[in-house]
Amino acid sequence: MIIVGAGPAGMRAAEALAAAGIRPTVIDEGQLSGGQIYRRQPVNFTRRYEALYGADAKKARALHKAFNALQGRIDYRPETLAWNLRDDVLHIVTDGVAAALRFDALILATGATDRLAPIAGWTLPGCYSLGGAQIALKAQACSIGARPLFLGTGPLLYLLAYQYLKAGAPPAAVLDTAPFAAQVKALPDLAVRPGFLARGLMFRARLRAAGILIENGVEPLAIEGEGKVAAVRYRTAGGTERRIACDAVGMGFHLRSETQLADLAGCPFLFDAATGQWRPDADRDGRTPRAGIYVAGDGARLLGADAAEAAGRLAALAALTDRGMEVDMAEVARLRRRMERLDRFRRGLATAFPWPARLACAVADEVIVCRCEAITAGNIREAAVGKDAPELNRAKALSRIGMGRCQGRFCSSAAAEILAEARNVPLAEVGRLRGQAPIKPLSMATVKGERP
Amino acid sequence: MAEISMSAGRFRRLGETDRPSVEIEVDGEQVVALEGDSLLVAVLASGRTLRRSEFGDGDRSGFCLMGACQDCWMWTAEGGRVRACTTPVRAGLRLITQAMSEDLWPIPA
Ligand SMILES: Cc1cc2nc3c(=O)[nH]c(=O)nc-3n(C[C@H](O)[C@H](O)[C@H](O)COP(=O)(O)OP(=O)(O)OC[C@H]3O[C@@H](n4cnc5c(N)ncnc54)[C@H](O)[C@@H]3O)c2cc1C
Ligand code: FES
């Protein structure tokens with residue numbers, strides 16, 4: 001059995017399999033285990049768990065400890081990329097050496113990345129994804145600038161602004177594209193996790209108390225600067241145009257799942273209208289219709305870190321059940337109940353921090369949508385209308401949108417909106433970009449080989 | 001004695017500065033970094049940008065820091081390519097911010 005991903009979902013899946021006497025192979029691209037939220041700092045850094053993970057320090061410590069304790073009982077391969085999947089064989093590469101691993105069961109716990117919509121100027125040096133701005137702080141003890149401005153929507157927007165404030169780099173402003181009313185409307189669903197709600201309110205209060213401007217319902221107009229970020233221009237909810245000076249920007253609109261491997265495995269995908277995203281079809285335990293393929297954590301559904309831990313265990317227990325092994329059904333029932341509760345929370349997040357579809361559709365022709373190859377919104381519209389591309393893969397062939405080295409991770413959400421708008425069809429109709437191997441660029445020196 | 005820059009950079013160091021320094025070269029100029037830095041942090045903390053876009057739309061300095069956007073690739077003097085956000089600094093590394101050839105993104109068979 002193989003697990004891809006050593007974040008909370010993959011780590012808990014590994015633990016469950018090891019407890020059943022199976023020695024899973026755990027593949028993770030990172031140097032150290034932990035995934036996104038519980039990302040570890042380099043070994044020669046000295047900050048304590050409390051400084052790194054704040055209120056999540058206890059969970060982080062517990063998870064790291066549990067995974068470290070698996071040493072010897074799992075085949076953990078860090079710094080290893082799973083880059084292709086074909087006919088029940090997973091292709092991996094470690095430090096330039098490629099190998100192929102056959103599997104009976106594969107648990108995909110591949111997590112998520114920031115979801116992006118382009119804004120004029122977002123390719124300027126000094127502009128980062130919110131997740132990137134958090135990694136600078138967590139993994140490298142750096143801020144992205146002396147006066148960073150955070151822009152977009154989602155829980156990470158406020159968490160990050162608070163983390164920067166606490167670390168001694170107070171943000172220039174926090175600009176949320178979601179109207180405040182949306183957050184109020186989502187309260188009943190968000191209350192499923194009272195701790196989360198209370199912390200969100202605390203972040204806001206602390207930022208305000210520190211004199212940091214928080215605006216809701218903004219329309220970002222441009223990130224300005226010559227060769228580097230110098231200011232953000234936006235329209236307030238009231239319709240006034242404003243400009244705030246800053247030397248860095250962190251931007252993002254919540255998350256999108258990493259689903260390329262599920263796609264290459266031939267898993268069917270479902271369109272989730274609440275978020276406008278596609279996700280691999282799976283039952284409540286993470287079983288996909290493709291025998292032997294399971295999905296768990298943020299790579300399956302964006303339910304957050306606590307749910308990722310539960311989903312990892314559930315997927316492992318499902319894989320064990322399918323193998324004819326005895327599992328504790330009371331635990332399965334408990335985990336399922338937990339997941340159901342947290343799914344309500346997911347819907348709450350989608351209400352509170354909606355993806356700004358309108359912003360993506362309205363982006364001006366000359367704005368770069370694809371950072372990899374500088375493909376503009378105009379190029380996509382030209383493919384949509386001038387060249388009659390009915391769906392994303394055709395638009396890709398005609399305009400090269402999504403063909404760059406990030407494989408559409410950062411442009412496809414917006415490209416789909418632009419295409420659908422230009423063709424005047426519902427978003428689901430333009431489909432989704434098909435995954436293609438290698439799912440990330442390999443080094444030029446990659447050689448075939450078998451790891452000892 | 002080589003000194004790390006605390007304030008001139010694009011990235012600002014907020015702590016963990018009590019680490020041994022490491023010297024690398026960027027476009028022929030010496031850059032002092034700290035052990036445990038990613039190449040991206042090493043270069044940006046020195047005030048430089050990472051790379052020139054191959055498509056003529058200016059300088060770039062990474063975006064996601066998590067190995068997903070691929071907007072932080074730099075080149076080595078030996079003709080290799082490194083992803084700066086996920087590669088730790090190594091003393092003596094010689095980096096280049098602009099691609100030397102057109103052959104950039106080989107797809108393996
Ligand atoms: C940048 C970022 C920051 C976040 N910060 C917070 C936060 O502060 N607080 C919070 O509550 N939530 C945060 N979230 C959400 C939170 O990370 C998730 O809910 C949680 O980490 C999900 O756990 P996971 O195990 O599903 O995935 P992750 O934790 O994302 O782990 C996935 C792992 O899979 C590996 N992987 C993926 N694809 C491959 C492949 N092809 N080959 C090899 N390895 C692969 C990755 O390297 C990664 O280690 C953040 C999300 C992101 C993207
Ligand atoms: S900054 Fe995105 S891959 Fe390095």
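Residues are classed as buried under 20% relative accessible area, exposed over 50% and partly exposed in between, with a 1.4 Å probe and protein chains only. Helices (H or I, at least four residues) and strands (E, at least two) are DSSP runs, numbered from the N terminus. The model is predicted: local features need pLDDT of at least 70, side-chain atom pairs count only at pLDDT 80 or more, and totals for chains, interfaces and linings use all residues. Residues are numbered from 1 along each chain as its sequence is written, chains are lettered from A and ligands numbered from 1 in the order in which they are written, and side-chain values use heavy atoms, with hydrogens and water left out.

Helix α13 of chain A spans residues 377-386. Its buried residues are A377(A), G378(A), I380(A), R381(A), A383(A) and A384(A). Contact is defined as heavy atoms within 4.5 Å. The cover over the buried residues of α13(A) includes two strands of chain A, β22 (368-370) and β23 (375-376). It also includes the chain A helices α12 (357-361), α14 (392-399) and α15 (412-423). D388(A) follows α13(A) and has a positive phi, near 60°.

Chain B is built from one helix and eight strands. From the N terminus on, the order of elements is β-β-β-α-β-β-β-β-β. The chain has 109 residues, and 50% of them are buried. Among contacts in chain B with a separation of 6 or more, 45% join residues 24 or more positions apart. Accessible areas come from the Shrake-Rupley method with a 1.4 Å probe; for residues, only the protein chains shown count as cover. The accessible surface of chain B is about 4800 Å². Carbon and sulfur atoms hold 47% of that surface.

Ligand 1 lies between chains A and B. A residue is near a molecule or strand if one of its heavy atoms lies within 4 Å of it. The ligand has 33 residues around it, of which A9(A), D28(A), Q36(A), Q134(A) and D298(A) come nearest. Several elements of chain A each supply at least two residues of the shell, including α1 (8-19), β4 (80-86) and β8 (112-114). Helices α4 (130-140), α5 (155-167) and α10 (305-322) of chain A do so as well.

Polar contacts are pairs of N or O atoms within 3.5 Å; within protein, one must be able to donate a hydrogen and the other to accept it, and residues adjacent in sequence count only if both atoms are side-chain atoms. A polar side-chain atom of Q134(A) lies 2.8 Å from an oxygen atom of ligand 1. Backbone atoms take part too. A polar backbone atom of P8(A) is 3.2 Å from a ligand oxygen, and one of A305(A) is 3.0 Å from a ligand oxygen. Taken alone, ligand 1 exposes 980 Å², and the protein buries 90% of that.

K440(A) sits in the loop between α15 and β24 of chain A. The residue is buried, at 6% relative accessible area. Its side chain makes a polar contact of 2.8 Å with that of E29(A). Beyond neighbours within four places in sequence, K440(A) is in contact with E29(A), L81(A) and R409(A), and with M66(B), G67(B), A68(B), Q70(B) and R83(B). P438(A) lies in the loop between α15 and β24 (447-448) of chain A. The peptide bond from A437(A) to P438(A) is cis, with omega near -5°. K448(A) is in strand β24 of chain A. K448(A) is exposed, at 80% relative accessibility. Its C-alpha atom is 6.5 Å from that of A99(A), although the two residues are 349 residues apart along the chain.

Most residues other than glycine have a negative phi, and most peptide bonds are trans. R400(A) has a positive phi, near 70°. R400(A) lies in the loop between α14 and α15 of chain A and is partly exposed, at 38% relative accessibility. E16(B) also has a positive phi, of about 55°. This residue is found in the loop between β1 (12-13) and β2 (21-26) of chain B. E16(B) is buried, at 11% relative accessibility.
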